[in-house]
Amino acid sequence: MSTPTAPPGPKHLLPSLYGYFRQPLAYYQKLLARHGQPFSVPFPLGGRMAVTGCPLHIGRIFKGGPGLYRSVDASAGMFYGEQSLLSLDGEAHARLRRALMAPVLRQPAQAAGLMRDAALRLGGERAPGTVFDMLDLGRSITLDVILRTVFGMIDALEQREFSAAIHGLQGTIGFMAVFVKGLRRDWGEWSPWGRFVRARARCYALIEARMAASRAAGESAEANVLAYWVGLRDEAGQPVLSDAQIRDNLLTLLFAGHDSTAVALAWCVYWTHREPGVLLALRDELRDYAETLDIGLLERTPYLDAVCWEALRMHPVAPGVARRLNRTLDLGERRVPEGDVVMACIDLVSHDPALYADPGCFRPERFLARDYSPTELIPFGGGERRCPGAALAFMELRVVLATLVAAFRWTLAEPGPVKPAWSHGIRRPATGVRMAVDGHRSQKSP
Ligand code: HEM
């Protein structure tokens, strides 16, 4: 598939995968030092992948162009459904994306109150004197938020059922099935793919039941994302989205939005409690908020925002964003052949010492000292596929972190530094970030 003009880099797949999964950032930094950028590596699903962390190249990748890209994995629909945003390309993708941008995704401030309430309720369940796993707590909070904002689901029993189905589904997605297409066969419920298909069917059934309940209740379009999508009509009064489009994309939002935000939140809490100066500065900025928990007081909180950006920079949830080329693409002096994949490498650009001095140090102040452009700071990707949940996710990080810091007294219960580790296709803090509960501040109700 690849041609001799592919940018330089290692020839063989297995050593390259081994190097990458052992130490992703260090391995790519080594290749960058040896070959310059873009360098290229063999890609498990065919061809090679040109990798770059140069903001100029990233700008070119995000700019795209008509018909320039197609899905990296043509069979993505097997995971998320044929109608998922993640399975579509070109005009079909752009049209669906426009339709899917529900009000709460564009204006997430309207969900800030329920984010704060979820943080208070679920954070408050951790008893003084105990140690808990922040990633688990983050997952409970982000799932609660997504079930309410996206599905409008407030019934605790229904939430528990949904949560079990989603965790069941996530537990079935193995690394091998993502990269080895031959393993995607249903050989019954004991085979990995068979388990995945059955777990997904359980999620579909719950989503479809929720769609029927929303229709029966005549929920208003502003109520939640599902109600907005169900109620969308074209000029002739016909539904804009089919049931399959709604179902597949509800599952996509759950998949793309819940774990990623929980991981970012766990890193925010980790660094805030690891660096005493950061916690003090944050508490100082949040003094008034801690008194009243009035969401309006979080409108201008530069230090809180800087902490969240710095956590996303230090530990990008996705290592990079990749697109497969329909035509050759020039990145600087090098040419990436048609059919190969290009990756805007979030890891590399986030740790570029020319942009971020001492990139291994957690320094929120850097975001107060200067602005970073949309090609220098890219935890949510960019261009036509930039994360549509970015505004919601960032609002959630800010509100939940502020509320946890304001309402609870916790200390880090980790003996050493916490490292990122791969699990179920996503990088998480290896230990989950253990926190000890010292106490709750006088519990204030907003
Ligand atoms: C801190 C949390 C999050 C991070 C770091 C994150 C990051 C990303 C990244 C890097 C991409 C790929 C962008 C690209 O290809 O240029 C992406 C795509 C996506 N994200 Fe997020 N995301 C987060 C939260 C969310 C949330 C809360 C939602 C939904 C409510 C969401 C929904 C999606 C969807 C649907 C896509 C696919 C977009 C497309 O292909 O057009 N994400 N996200």
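Which residue has its backbone oxygen 3.0 Å from a polar atom of the side chain of Arg 427? The first close-up gives the answer, and the other views then take us around this predicted model.

**View 1. Arg 427 and its surroundings.** The residue asked about is Pro 316, whose backbone oxygen lies 3.0 Å from a polar atom of the Arg 427 side chain. Arg 427 itself belongs to strand 11, which covers residues 426–429. Its side chain also makes a polar contact of 2.9 Å with the side chain of Asp 347. Look around Arg 427 and you will find further residues that it touches, among them Pro 24, Val 263, Ala 421 and Trp 422. Arg 427 has a relative accessibility of 10%, so it counts as buried, a word used here for values under 20%.

**View 2. Cys 387 and the iron atom.** Here you can see the iron atom of the ligand with a single donor from the protein: the SG atom of Cys 387, 2.3 Å away. Cys 387 sits in the loop that connects helix 18 (366–369) with helix 19 (390–407). Leaving aside neighbours within four places in sequence, Cys 387 is in contact with Arg 97 and Phe 380. With a relative accessibility of 29%, Cys 387 counts as partly exposed. The UniProt record, an unreviewed entry, lists Cys 387 under "binding site".

**View 3. An open sheet of five strands.** Follow the strands across this sheet and you will meet them in the order 1-2-8-5-3, with mixed pairing. Strand 1 (39–42) and strand 3 (69–70) stand at the edges; each has a single partner strand, so one side of each has no neighbour in the sheet. As a reminder, strands of a sheet pair through backbone hydrogen bonds, either parallel or antiparallel. Strand 2 (residues 48–52) and strand 8 (residues 341–345) run parallel and are joined by four bridges. One bridge partnership to look for is that of Thr 52 with Ala 344 in strand 8. Helix 3 (residues 55–63) packs on the sheet, where it touches strand 2, strand 3, strand 5 (320–325) and strand 8. The direction of helix 3 makes about 125° with that of strand 8.

**View 4. His 57 and a cis peptide bond.** His 57 lies in helix 3, and its side chain makes a polar contact of 2.8 Å with the side chain of Thr 52. Beyond four places in sequence, the contacts of His 57 also include Gln 37, Pro 38, Leu 331 and Gly 332. His 57 and Pro 38 are 19 residues apart along the chain, and their C-alpha atoms are separated by 8.2 Å. His 57 is buried, with a relative accessible area of 9%. Now turn to Pro 38, which is found in the loop between helix 2 (24–35) and strand 1. A cis peptide bond, with omega about 0°, joins Gln 37 to Pro 38.

**View 5. Two loop residues with positive phi.** Most residues other than glycine have a negative phi, and most peptide bonds are trans. Leu 293 is not a glycine, yet its phi is positive, at about 55°. You can find Leu 293 in the loop between helix 15 (287–292) and helix 16 (302–314). Asp 358 also has a positive phi, near 45°, and is placed in the loop between helix 17 (346–350) and helix 18. Which of these two residues is buried, and which is partly exposed? Leu 293 is buried, with a relative accessible area of 3%, whereas Asp 358 counts as partly exposed at 40% relative accessibility.

Definitions and conventions: Residues numbered from 1 in each chain as written. Predicted model: local features only at pLDDT ≥ 70, side-chain atom pairs only at ≥ 80, totals over all residues. Heavy atoms only, no water. Donors = N, O, S within 2.8 Å, 3.2 Å for Na, K, Ca; no water. Pairing = 2+ DSSP bridges. Contact = heavy atoms within 4.5 Å. Axes fitted to C-alpha atoms, helices over the stretch in contact; angles between N-to-C directions. Buried < 20%, exposed > 50% of the residue type's maximum accessible area, 1.4 Å probe, protein only. Polar contact = N/O pair within 3.5 Å; in protein donor to acceptor, adjacent residues only side chain to side chain. UniProt positions renumbered as here; feature names shortened; annotations may be inferred.
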